[in-house]
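Student: Could you take a close look at the disulfide question in this model for me? Once that's settled, walk me outward to a few other spots, so I can see how they sit in the whole.

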Amino acid sequence: MRIAVDCRLINKTQNTGISRYTEFLINYYINRYSCENIFLISNDKSFKYFECNVVYTKLKPFNILHFLQFSTYVKKLNVDLLHVPFYSALFCKNPNIKIIVTVHDLMYRFVPNFFGRNEKLNSLKIKYFDFIVGKSLDSADTIISVSETTMNDIWDIFGLKSIHITENSEIDYKEDLSILEKFKLKNKKFYFYCGNSRPHKNINFIIEFFENNPHLPVLVLAGKGHKDGKNVISTGIVSDEHLRVLYKSAIAFIFPSKYEGFGLPIIESLRLGTFVIASKISAFLEFNSSNIFFFELDNEKEFLNAVNLTLSNSFVDNTKFFEKFEKNNIYKSYDFVIKNLFNQN
């Protein structure tokens with residue numbers, strides 16, 4: 001079987017959630033079908049991944065003209081299966097290729113002013129994305145949702161059924177302690193957040209909270225667009241080696257988002273034995289662990305209570321929690337999907 005994986009959103013510099021998920025998929029297909037049968041579609045001429053075949057295209061996922069042309073491009077690849085790990089796939093069905101599309105979230109539909117404060121422009125962009133996403137999902141033979149929240153959102157917005165298969169993330173890189181020395185965190189207690197600073201991430205809430213409570217341990221922010229402040233340290237974008245150390249050394253990872261389709265950092269944090277403080281949104285509430293402390297959005301009293309709980313409790317070993325996120329179990333779910341697609345026994 002010849003399999004194509006759309007890698008156009010892999011970003012090794014910023015190491016996004018989409019990048020991590022795409023690499024997980026590539027490794028799954030390599031494990032099951034070997035490198036010589038895997039074709040990776042990329043916009044980057046220098047992109048390489050083990051011995052897989054890399055095919056280059058100038059077509060961008062969210063350019064409307066390129067989206068319309070991508071179906072013809074894929075047809076020429078002569079593959080049996082195309083897996084697109086985001087919601088821009090094909091304009092129309094191809095009877096000769098099985099298509100799997102993974103949806104992580106429909107954030108653009110649920111976050112107010114997602115595309116900016118201009119109401120008309122925001123409305124037009126929602127329609128623009130609705131067209132691309134709607135056509136992509138209609139063209140798919142199987143839609144995969146990474147959470148029950150996203151599965152329900154797809155049904156509510158597009159009236160389409162999807163299969164819930166969770167994500168996996170394990171940061172297995174060697175620890176690089178230099179990040180702690182650089183920011184004088186080696187013998188210091190701190191709370192941690194990693195991600196961008198877009199409005200739905202609700203970062204201003206936690207920044208203001210820690211600035212107004214200087215008696216608490218410092219808040220460390222990793223990622224693009226953050227600034228230092230009172231009781232706040234910004235590290236900028238960090239490597240996986242540094243990320244692992246920051247997760248592991250923190251008192252807790254803080255996830256204050258107003259909307260998410262999943263919560264990959266929650267798994268990453270808990271795997272390394274670190275508490276999580278998370279907002280009470282549907283995607284986060286799917287994680288059932290005594291090591292997560294929830295708070296109502298923008299409720300300072302509940303947030304302070306969660307902070308105090310991380311300071312007064314011990315991390316509980318809950319091995320069973322990770323069973324559904326184990327790589328082999330997720331692999332088996334994908335095996336089931338592909339067998340059904342190709343009517344294999």
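Tutor: Let's fix the term: two cysteine sulfur atoms count as a disulfide when they lie within 2.5 Å of each other. By that test the structure holds 0 disulfides. Keep in mind that this is a predicted model, so what follows describes computed coordinates.

Which cysteine sulfur is closest to that of Cys 35? The partner is Cys 52, and the two sulfurs are 3.9 Å apart. With the cut-off at 2.5 Å, that's too far for a bond, so the pair doesn't count. Cys 35 itself is buried, because its 15% relative accessibility falls under the 20% limit. Cys 92, on the other hand, is partly exposed, with a relative accessible area of 39%.

Now zoom out. The protein has 12 helices and 13 strands. Its radius of gyration is 21 Å, close to the 20 Å that the globule rule gives for 345 residues, so the protein is as compact as a globular protein of that length. Along the principal axes, the C-alpha atoms fill a box of roughly 65 × 45 × 35 Å. Of the 345 residues, 53% count as buried. Take the contacts with a separation of 6 or more: residues 24 or more positions apart account for 60% of them. On the outside, about 16,800 Å² is exposed, and 49% of that comes from carbon and sulfur atoms. As for charge, there are 42 positive and 36 negative side chains, with the centres of the two sets 5 Å apart.

A couple of backbone angles deserve a look. Most residues other than glycine have a negative phi. Phe 50 goes the other way, with a positive phi near 50°. You'll find Phe 50 in the loop between β2 (38–42) and β3 (53–56). Is Phe 50 buried or exposed? With a relative accessible area of 64%, Phe 50 is exposed, because that value is over 50%. Asn 231 also has a positive phi, about 65°, without being a glycine. Its place is the loop between β9 (218–222) and β10 (232–236).

Follow the chain from that loop into strand β10 and you reach Thr 235. Thr 235 is buried, at 12% relative accessible area. Setting aside residues up to four places away in sequence, Thr 235 touches Phe 183, Val 220, Leu 221, Ala 222 and Gly 223. Three of those names, Val 220, Leu 221 and Ala 222, fall inside β9.

A little further on comes helix α8, residues 240–249. How many of its 10 residues are buried? The count is 7, which makes the helix mostly covered. The buried ones are Asp 240, His 242, Leu 243, Arg 244, Val 245, Leu 246 and Tyr 247, so don't expect a purely hydrophobic list, because Asp 240 and Arg 244 are on it. The cover over those residues includes α1 (17–33), α6 (178–182), β8 (190–194), β11 (252–255) and α9 (264–271).

Two serines are worth a stop as well. Ser 136 sits in helix α4 (residues 119–139) and is buried at 0% relative accessibility. Beyond its neighbours within four places in sequence, Ser 136 is in contact with Phe 67, Tyr 87, Ser 88, Ala 89, Leu 90 and Val 101. Take Val 101 from that list: Val 101 and Ser 136 are 35 residues apart along the chain, with 7.7 Å between their C-alpha atoms. Ser 145, in strand β6 (residues 142–145), is buried at 0% too. Among the residues Ser 145 touches are Val 103, Met 151, Ile 154, Ile 163, His 164 and Ile 165.

Finally, jump to the segment after α12 (327–341), where Phe 342 lies. At 25% relative accessibility, Phe 342 counts as partly exposed. Apart from neighbours within four places in sequence, Phe 342 is in contact with Met 1, Asp 80, Leu 81 and Lys 98. Leu 272, by contrast, is 70 residues away from Phe 342 in sequence and 38 Å away in space, C-alpha to C-alpha.

Back to your starting point: there are 0 disulfides, and Cys 35 and Cys 52 have sulfurs 3.9 Å apart, too far for a bond.

Notes:
Residues are numbered from 1 along each chain as its sequence is written. This is a predicted model: local features need pLDDT of at least 70, side-chain atom pairs count only at pLDDT 80 or more; totals for chains, interfaces and linings use all residues. Side-chain values use heavy atoms; hydrogens and water are left out. Helices (H or I, at least four residues) and strands (E, at least two) are DSSP runs, numbered from the N terminus. Buried means under 20% relative accessible area, exposed over 50%, partly exposed in between (1.4 Å probe, protein chains only). The radius of gyration is taken over C-alpha atoms; the globule rule is 2.2 Å times the number of residues to the power 0.38. Contact means heavy atoms within 4.5 Å. Accessible areas come from the Shrake-Rupley method with a 1.4 Å probe; for residues, only the protein chains shown count as cover. The place of a charge is taken as NZ of Lys, CZ of Arg, CG of Asp or CD of Glu.
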